[in-house]
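Trainee: I'd like a close look at a single part rather than a tour of everything. Please pick one loop, and tell me what sits around it.

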Amino acid sequence: MTVGHDEHLRQEAAGWFARMRGPGADAARGEFDAWRADPLRQETYDRLVQRFDDSAILGHSRLSELRLRTSAAHRGPPAAVWWTAAAAGLVLGAVALSQVVLTPRTGAGLGERYVSARGQIRTVALARDVTVVLDTDTVLTASTAGDRPRLVLERGRIRVQSERPLEVQADRVRVNAERGAFDLRRQGGDEVEVATLRGDVRAEGGGLLQKTRTRIEAGQRMILTGGRAGAATPAPARDRQWPTGLLVFDGARLDQVIAEANRYSVRKIRLADPALARLQVSGGLKVTDPDGLARALGAALGLTVSSAPGGDLVLARTDA
């Protein structure tokens with residue numbers, strides 16, 4: 001087998017891995033079984049699954065390795081280490097800790113309140129055709145008006161997939177979707193971020209006298225501040241897979257990676273030397289496992305991992 005063919009098989013396996021953990025898995029089962037009937041494909045796929053279970057890291061060309069570099073001058077350009085899955089961007093609940101089906105309530109002020117704990121990614125089925133994923137430390141209230149779900153995001157981030165019209169309120173922003181998939185995040189203060197994955201998604205903001213309504217195209221995100229819409233920009237690739245517990249980075253600073261991972265755990269990862277913050281990371285990180293992530297970063301960068309008196313994990317230079 002050539003190196004190119006081996007790499008092609010890995011990419012195919014990665015695509016199937018994501019697809020079979022998405023909402024269309026049942027419909028694709030026959031096609032997947034036919035693809036996997038080849039012994040070489042089966043071996044490649046099974047090896048990928050084993051590495052996913054054993055490792056905190058996923059990549060595209062080497063699934064169990066994290067590619068890191070200290071600088072372009074010392075190590076050259078970042079390797080292309082991407083998890084192959086347009087479908088993976090819509091994976092829901094691959095690491096969800098619980099699932100609840102909402103019993104709709106009607107009437108003013110009534111609804112169900114859902115909370116995800118620190119480090120938890122939770123999938124909630126509001127109806128057969130409406131699913132919401134709650135990111136870590138998120139609070140959501142859901143109610144219905146007729147057949148139209150109405151959600152209020154009090155804190156955190158959610159991914160919504162709906163095949164019926166629905167409405168989501170976050171601070172001064174109201175998002176309406178006929179059907180589609182989108183992320184909604186309250187970022188602190190009066191900032192609300194909307195990112196569309198597919199479908200017709202519109203954000204409404206502003207005051208009583210002057211409202212703005214903006215359509216956010218698939219693949220774009222928009223930050224609204226105080227209800228006022230900013231410019232639409234491409235949605236970051238790293239955010240496509242967060243419902244799976246994975247975040248994808250491309251040349252991100254180590255301190256930024258750690259800050260994002262620390263949102264998912266009471267036990268934090270810290271740097272012994274501030275200079276380590278400049279190290280750059282490219283790859284897919286399993287941020288829901290701080291111990292595994294710290295060990296993987298330490299092994300890849302040649303750093304030691306120790307526990308601080310309060311239980312935090314500290315990365316330090318080997319010779320420190």
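Mentor: Here is one loop, followed by its charged partners and the packing around them. First, the ground rules: this is a predicted model, so local features need pLDDT of at least 70 and side-chain atom pairs count only at pLDDT 80 or more, while totals for chains, interfaces and linings use all residues. Numbering runs from 1 along each chain as its sequence is written, and side-chain values use heavy atoms, leaving out hydrogens and water.

Our loop runs between strand S6 (130–134) and strand S7 (139–145); strands here are DSSP runs of E with at least two residues, numbered from the N terminus. Aspartate 135 sits in this loop, and its relative accessible area of 0% is why it counts as buried. For that scale, buried is under 20% relative accessible area, exposed is over 50%, and partly exposed is in between, using a 1.4 Å probe and protein chains only.

So what does aspartate 135 touch, beyond neighbours within four places in sequence? Its contacts (heavy atoms within 4.5 Å) are Ser116, Gln120, Ile121, Arg157, Trp242, Arg263 and Tyr264. With arginine 157 there's a side-chain polar contact of 2.8 Å. A polar contact is a pair of N or O atoms within 3.5 Å; within protein, one must be able to donate a hydrogen and the other to accept it, and residues adjacent in sequence count only if both atoms are side-chain atoms. Zoom out a little, and Asp135 and Arg157 belong to a salt-bridge network that also links Asp239, Glu260 and Arg263. A salt bridge puts a side-chain nitrogen of Lys or Arg within 4 Å of a carboxyl oxygen of Asp or Glu. The whole structure has 23 of them.

Back in the loop, aspartate 137 has a phi near 55°, positive even though the residue isn't glycine. Its 26% relative accessibility makes it partly exposed. Aspartate 171, in the loop between strand S9 (166–170) and strand S10 (173–186), also has a positive phi, near 55°.

Just on the other side of S6, aspartate 129 is in the loop between strand S5 (122–127) and S6, and arginine 164 is in the loop between strand S8 (148–162) and S9. The two form a salt bridge, with the closest N and O atoms 3.0 Å apart, so the pair ties together parts 35 residues apart in sequence. Aspartate 129 is partly exposed at 26%, and arginine 164 is partly exposed at 24%.

Now the packing. A nonpolar core means buried Ala, Val, Leu, Ile, Met, Phe, Trp, Tyr and Cys residues joined through side-chain atoms within 4.5 Å. The largest one has 27 residues, of which Ile158, Phe182 and Leu184 touch the most other members. Both strands flanking our loop, S6 and S7, are among the elements giving two or more residues to this core, though S10 gives the most, with 5. Leucine 184 brings the threads together: leaving out residues up to four places away in sequence, its contacts include Ile158, a fellow core residue, and Arg157, the polar partner of aspartate 135. There's a second, separate core of 24 residues, and it includes Tyr264, one of the residues in contact with aspartate 135.

Note on methods:
Helix = DSSP H or I, 4+ residues; strand = E, 2+ residues; numbered from the N terminus.
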